[in-house]
Amino acid sequence: MTDVASNVRVAVPGATTDAGRQGSSLRLAFADPVAIAGLIAVGVVLLIAVAGPLVLPDPNAIDAPAALQGPSGAHLLGTDPFGRDLLSRVAEGLRTSLWLSALSVGAAALIGVPLGLIAGFGGAVTDAVIARVLDAVLAFPTLLLALFVVAALGPGVAHLAIALALVFMPYFARLARSEAQELRTAGFVEAATAYGTPRIKVLFSVALPNVLPPLLVQLSLSVGFAILAEAGLSFLGLGVRPPQAALGLMLKEAQDYVSTFPWYSIVPGVAIMLAVGSCMLLGEGIDRGLDPKRGGGFRER
Amino acid sequence: MRLTPRNRGSAWWPRWLGLRLAQAIPVLLLASVLVFGVTRLSPGDPATVQLGMRLQRPGAEQALAALRNEMGLDKPIVAQYGIWLGHVARGNLGTSARYGSSVSSLIAQKFPITLELILAGIVPAVIAATLLGTAAAKRPGSPLDLAVNGFALFGLAVPTFWLALLLLIVFGVDLRWLPASGYTSPGTSIGDNLRHLVLPAASLFIYEVAILTRFVRAKVIEQLGEEYVRTAIAKGMAPRRILTRHVMRNSLGPLVTVSALEFGTLFGAIVVVEEIFRWPGLGLLTIDAITDRDFPVIEGVVLTVAAIVVLANLVADGTNMMLNPRVRDTVGRRT
């Protein structure tokens, strides 16, 4: 049990080398090997999604005699019930998933961050109002709210993107708000205000760059969660519609083949896991680089 | 002799409750505005949307006219919201188009079924996460820590519904150890009820264990770096005692808070899990309602879940206050 004591020694301030802190915060963000691993993993997933359609067979080419086959030379990951190439469909599914998640998370950040900055820098009343609105959105479980919005608007990719943007927005706003609250009393912000810099300029040119590194963490984690949510909603028939390939949709189809062709359930699931896992790895890596003392407790919103 | 005249033990909670309710009530009201607003975004006449498939039945014309009148569709939107909120506040969530019964009675009937599943997933997860997270935090970077971290990342990245599907294939279809889907009420047979519970609960368990283990690990590592641990070591306190008496005790409060948040999140995750295992709780009710465009049911479930989440957070916050006197002193500070 001496390990408790040894751990304490490591965690004492000054005992760790803070040399990395000399660089810019963004360079620091990618200082951790986990971040590099995450970056590579995200790169591989992106490569499959982007380059896949250029080199792989047509994901919609039907070849009935070759239906439900395992991996082979002609079809590297086998075929689905229509004889379509699974790897091509996974690549297309990943592409759909990635741009949809990036788009909705991007929109969530674009709305959430300014909202949070305004709350954090604004007066007590503005802050209280925005904070309660965020709490109200957060009172709904992510998936249930997205489901509800899509059910009301009707299924489809555009509605799915709106739903995902809405459910992820509060996380960005909360992050920006807490950073802004800390910055409010920081010397350089007070100095800028004292020099007569307009409030709005202080907000966006002074505060925003400081919010950027933790924002990167939240962005990559959120894209991961958005991929999961998109897959879940498409699985329930509320997201991407056939014949477009989506990983969740493939899993829904695979449900009919669980006893006859379980391989079909494995491939899209592994693809989702890799895509989500690489985003989370990247997020965690950046987080570690920013704060070496914190061993990655990223769900502590 | 008391060194500190702190008789705040009985005095902290009325103030805390008042402040928390002052937050919770506006949040619930805003959540209701969201539910009302999103439903109104649905294309078509609001009364038609509410009636759904009942429009095809005889006498639909009169029902539609009556409902239009009841919803006050000729009045401004704010008045319509007021009418709707008045109904909701009295527990009237409307009538299900599919079942013909009141939405509140449907929810009351399905809620215990879902609660059983969620508790069976999260309670073991909290216990396992406390043990795993603490063990990993004792030696950061050790093989055990790496294994725990790797497992946690896997648990986070794996889609719950895919995991559910895999569990179903392996244990329900291939090995036939457990029933693949369905539900038996505990009143009929407790053994059967539990056998049906294992697979869906395991799907929720794996995800939750991942999230909570990461949290416990980070919290314990953070606490081990605190000055009081150094003091305790300097005083010659046994490491095991430091861990159980101080570190775990200080980590418990935050764990309660996060577990309550996760308890709420699971009301979203159960939708897919219940669909896969045909577990007839709130999730399956929601999915069926979406398929049938049975809007009163969807609205009712979403609103009820939001209320449960707000209440769960309130209870967790109160528990946290009771566990940790230091947090009590922050009552009333801007959050």
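In this predicted model, H4(A) passes H11(A) in a right-handed crossing. The two partners are helix H4, residues 86-121 of chain A, and helix H11, residues 263-290 of chain A, and their axes come within 10 Å and cross at roughly 40°. On the H4(A) side, the contact draws on Leu86(A), Val90(A), Gly93(A), Leu94(A) and Ser97(A). Facing them from H11(A) are Val267(A), Pro268(A), Ala271(A) and Ala275(A). Sorted by class, that makes 7 nonpolar and 2 polar residues, with no charged ones in the contact of H4(A) with H11(A).

Stepping back to chain A as a whole, the count comes to 11 helices and 0 strands, so to speak an α-α-α-α-α-α-α-α-α-α-α pattern when read along the sequence. Chain A runs to 301 residues, and 51% of them are buried. Contacts that reach a long way along the sequence are well represented here: take the contacts in chain A between residues at least 6 apart, and 69% of them join residues at least 24 apart.One residue worth a stop in chain A is Leu166(A), which sits in helix H7, residues 157-184. Is Leu166(A) buried or exposed? Leu166(A) counts as buried because 21 other C-beta atoms lie within 10 Å, and the cut-off for that label is 20 or more. As for Gly289(A), 123 residues away from Leu166(A) along the chain, the C-alpha atoms of the two are separated by 29 Å.

Chain B comes next. Here 58 residues of chain B are in contact with 50 residues of chain A. Several elements of chain B give two or more residues to the side that touches chain A, among them helix H1 (12-41), helix H6 (143-157), helix H7 (160-174) and helix H12 (295-323). Helix H10 (239-277) of chain B is also on that list, and H10(B) gives the most, with 12 residues. By class, the side of chain B that touches chain A splits into 42 nonpolar, 7 polar and 9 charged residues.

Chain B has a helix pair of its own to look at. Two packed helices are described by the angle between their axes and the distance between the axes. For helix H5 (residues 103-138) of chain B and H8(B), the axes come within 6 Å and cross at roughly 35°. The crossing in which H5(B) passes H8(B) is right-handed. Residues in the contact of H5(B) with H8(B) comprise 23 nonpolar, 5 polar and 3 charged.

Conventions
Residues numbered from 1 in each chain as written. Chains lettered and ligands numbered in written order. Predicted model: local features only at pLDDT ≥ 70, side-chain atom pairs only at ≥ 80, totals over all residues. Helix = DSSP H or I, 4+ residues; strand = E, 2+ residues; numbered from the N terminus. Buried ≥ 20, exposed ≤ 12 C-beta atoms within 10 Å, placed from the backbone. Contact = placed C-beta atoms within 7 Å. Nonpolar A, V, L, I, M, F, W, Y, C, P; charged D, E, K, R; others polar. Axes fitted to C-alpha atoms, helices over the stretch in contact; angles between N-to-C directions. Left-handed = near helix turned anticlockwise from the far one by under 90°.
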